[in-house]
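Let's take a friendly walk through a small report on the model shown below. Surface, helices and charge pairing are the topics.

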Amino acid sequence: MQKIRTFLKNNKGATAIEYGLIAALIAVAAIAAMSGLGDSIKGTFENASTEMSKDRS
């Protein structure tokens, strides 16, 4: 009976899983933010390239 109580009180595995889930959530949020920001930066560089090409003509 004592072994069962000790097993039920052990929270180390649950804590590790929680930290893993938090890290995964942060990674998903970072990927989503970077993909949206990447499109914006790409557009900015394309606009700058277009404007620089106009100046040469």
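How much area does the chain expose, and what share of it do carbon and sulfur atoms supply? The chain exposes about 5,500 Å², with 67% supplied by carbon and sulfur atoms; accessible areas come from the Shrake-Rupley method with a 1.4 Å probe, and for residues only the protein chains shown count as cover.

This is a predicted model, where local features need pLDDT of at least 70, side-chain atom pairs count only at pLDDT 80 or more, and totals for chains, interfaces and linings use all residues. Residues are numbered from 1 along each chain as its sequence is written, and side-chain values use heavy atoms, leaving out hydrogens and water.

The chain has two helices and zero strands (DSSP runs numbered from the N terminus: helices are H or I with at least four residues, strands E with at least two). Of its 57 residues, 0% are buried (buried means under 20% relative accessible area, exposed over 50%, partly exposed in between, with a 1.4 Å probe and protein chains only).

A search of the whole structure finds one salt bridge (a side-chain nitrogen of Lys or Arg within 4 Å of a carboxyl oxygen of Asp or Glu). The partners are E51 and K54, at 3.6 Å from N to O. Because they sit three residues apart in helix α2, about one helical turn separates E51 and K54.

Helix α2 (residues 12-56) also holds Y19. Here are the accessibilities of these residues:

| Residue | Relative accessibility | Class |
|---|---|---|
| Y19 | 58% | exposed |
| E51 | 43% | partly exposed |
| K54 | 52% | exposed |
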